[in-house]
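Open your viewer, load the model and keep the selection box handy. We will move from strands to helices, one stop at a time.

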Amino acid sequence: MLLILLGLLVATAVARHAPARVQSNTSSIATQNFNQKVNHSIGGGPATFKQRYQLNTRHFEPGGPILFIQSAEAGMPVINASDFMDYAPKLGALVVMLEHRFFGDSYSGSYPPGYNPMNISNGSLSSLTLDNVLQDGVDFVNWIKRTVLGAKNSRVIYGSSSYGGFLAVSARIRYPDTFYGAIASSPALTSFGPLTSNRFKFESAKWASDVYDGASKDASSKIRMAMTDFKKCISDNTCNKTIPDLNICKSSKSLGYERLYRAVLHTYLAVAKFNYPWIDKYPTAEPFADLIKKTLVANTAAEVLRIPLLAASWANESSCIDAFNSNISKASSGNIASSQPAFGYITCGYYPINDRSIPSSNVLPETFARGTVDICNNPAWKSADYGRENEYYLQKYAMTNDLLDSTERLLIVQGSYDRTAAIGSPTLTVTNLLNHSRVILVNGIAHAEDSVSESIEPRGMKPQMDEIRNVKLAHLKEWLGQGDQSEDSSATLTPALQAMLFGFLAFIGFILG
């Protein structure tokens, strides 16, 4: 079941002038260490490593739930940044966040013995498996139950976002006795593997194209023509003449235009996905709205192309484009979501999501449309089943529609700006029962935006954010026996609106007004 929460028109006026993100990093909650096994498999040995976590028991009432947050794709953020902290006082809950093994920063992290993020050897990553990652969570919450007074019989709700959302779904399926429920924000749950037979490989790019068309047909047309010109001039070796006003720094010309083309392509794919109402991955709040508005007033192909390049590089509008800029380099590799080397290993090992293929008739030029797509950048990291078909992974991870449909107390939330929604929204039974697995699509929000706390995005900024927070709390209360199952979900729409499914994107045009 996929429910669509349409933002009220008033939300557009409120959200358009949102402030830059204010990090909730003044928390007094200490970061502590848990002695975690390096290898949980039988015969894995006694070796351990220090896995970092944060624990908040301020609102915990004996027997209350444990809201477990698995950080993913990056080092552990402050626990106050999670929306689970907002629900804790309403549920009498304990909130705990666990850092993902092999993630952290250059100074410290949850690193097993022999792993150095600044000097990686292939062998040092061998314990980075899905089985170990999920078992980390199991052992950790069981330890919390044993050591926190009153938590012995507490029910555990697993929450995480993006790749972590995939972990949340996996944990609920594989360890239902440990994790009583799960909320997954913006997970990709299909389009696995590099094979050309992957029938979902274009869905992410199609979604992104629809987002651009829904925001502005004129801007979308300009982007389409500029990218076509850029691709052609690279092929013809005529970019110096075709787009002279791109204004590349002299020192960058030795690198050619290919790196800049890739940076533009990946930025176009990412800027809507990460269209947060705070400054995060780009130098402005609501970077997608900013890009669309600037594109509408651009007069040449080069002026159109400078917009994503300046956004990616965080450069001033008058600056020349520096291909050596580290942010340009990062954008050209498509490595925008996570720069942690361990995530590359995860992609090669057990989470090879193909969201890179772009079909013809898209706002962006055809890319990786024919033949195998090499999702993994390091051949030495490829797992034995890396080259298998999407259906193999769905069966392996028990993530077919029918299996997810039979999983109780599973809530998947997607944002309409986020192309991940196209590959993370399984088709489930239509029902108003909150204990049934559900997918909710929230209009006008970005990738995993629903999972941030009110300290990051206060109530009142976006009515649809207020609504999804209320809906998530209603699910949690119902799961934990604090709700009223006889009442319908506040997120339930009329049959006519439920039928909209993928036809809602035109509504996005109102956001940019």
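Two strands count as paired if DSSP finds at least two bridges between them. Helices (H or I, at least four residues) and strands (E, at least two) are DSSP runs, numbered from the N terminus. This is a predicted model, in which local features need pLDDT of at least 70, side-chain atom pairs count only at pLDDT 80 or more, and totals for chains, interfaces and linings use all residues. Residues are numbered from 1 along each chain as its sequence is written, and side-chain values use heavy atoms, with hydrogens and water left out.

**The whole chain**

Start with everything shown. The protein chain has 17 helices and nine strands. Of its 513 residues, 57% are buried; buried means under 20% relative accessible area, exposed over 50%, and partly exposed in between (1.4 Å probe, protein chains only). Contact means heavy atoms within 4.5 Å. Among contacts between residues at least 6 apart in sequence, 74% join residues at least 24 apart.

**Strand β5 and its partners**

Now select residues 94-98, strand β5. Five of its five residues are buried, so the rest of the structure largely encloses it. Turn the strand to see both faces covered: L94, V96 and L98 lie on one side, V95 and M97 on the other, all of them buried.

Add residues 66-70, which form strand β4. Strands β4 and β5 run parallel and are joined by five bridges; look for I66, whose bridge partner in β5 is L94. Then add strand β3, residues 48-56, which pairs with β5 in the antiparallel sense over four bridges. Here Q54 stands opposite M97 of β5.

**Strand β9**

Next, select residues 438-442. How many of the five residues of strand β9 are buried? Five are, so β9 is largely enclosed by the rest of the structure. R438, I440 and V442 point one way, while V439 and L441 point the other way. Bring in strand β8 (residues 410-415), which pairs with β9 in the parallel sense over five bridges. I412 stands opposite V439 there.

**Two helix crossings**

Two packed helices are described by the angle between their axes and the distance between the axes. Axes are lines fitted to C-alpha atoms, for helices over the stretch in contact, and angles run from 0 to 180 degrees between N-to-C directions.

Select α6 (residues 217-236) with α10 (residues 301-313): they pack at about 100 degrees, with axes 9 Å apart. That makes α6 roughly perpendicular to α10, a label for angles of 65 to 115 degrees. Show the side chains of K222, I223, A226, M227, D229 and F230 on α6, and of A301, V304 and L305 on α10, to see the contact. Its residues divide into seven nonpolar, no polar and two charged (Ala, Val, Leu, Ile, Met, Phe, Trp, Tyr, Cys and Pro count as nonpolar, Asp, Glu, Lys and Arg as charged, and the others, Gly among them, as polar).

Move on to α3 (residues 130-147) and α4 (residues 163-174), which pack at about 75 degrees with axes 10 Å apart. These helices, too, are roughly perpendicular. L130, D131, V133 and L134 of α3 meet Y163, F166, L167, S170, A171 and R174 of α4.

**Last stop: α15**

Finish with residues 463-479, helix α15. Twelve of its 17 residues are buried, so it is largely enclosed by the rest of the structure; among them are M465, I468, L473 and W479. Just after α15, find G481, which takes a positive phi of about 80 degrees.

Technical notes
Expected span 1.5 Å × (residues − 1). Parallel < 35°, antiparallel > 145°, perpendicular 65-115°, else oblique.
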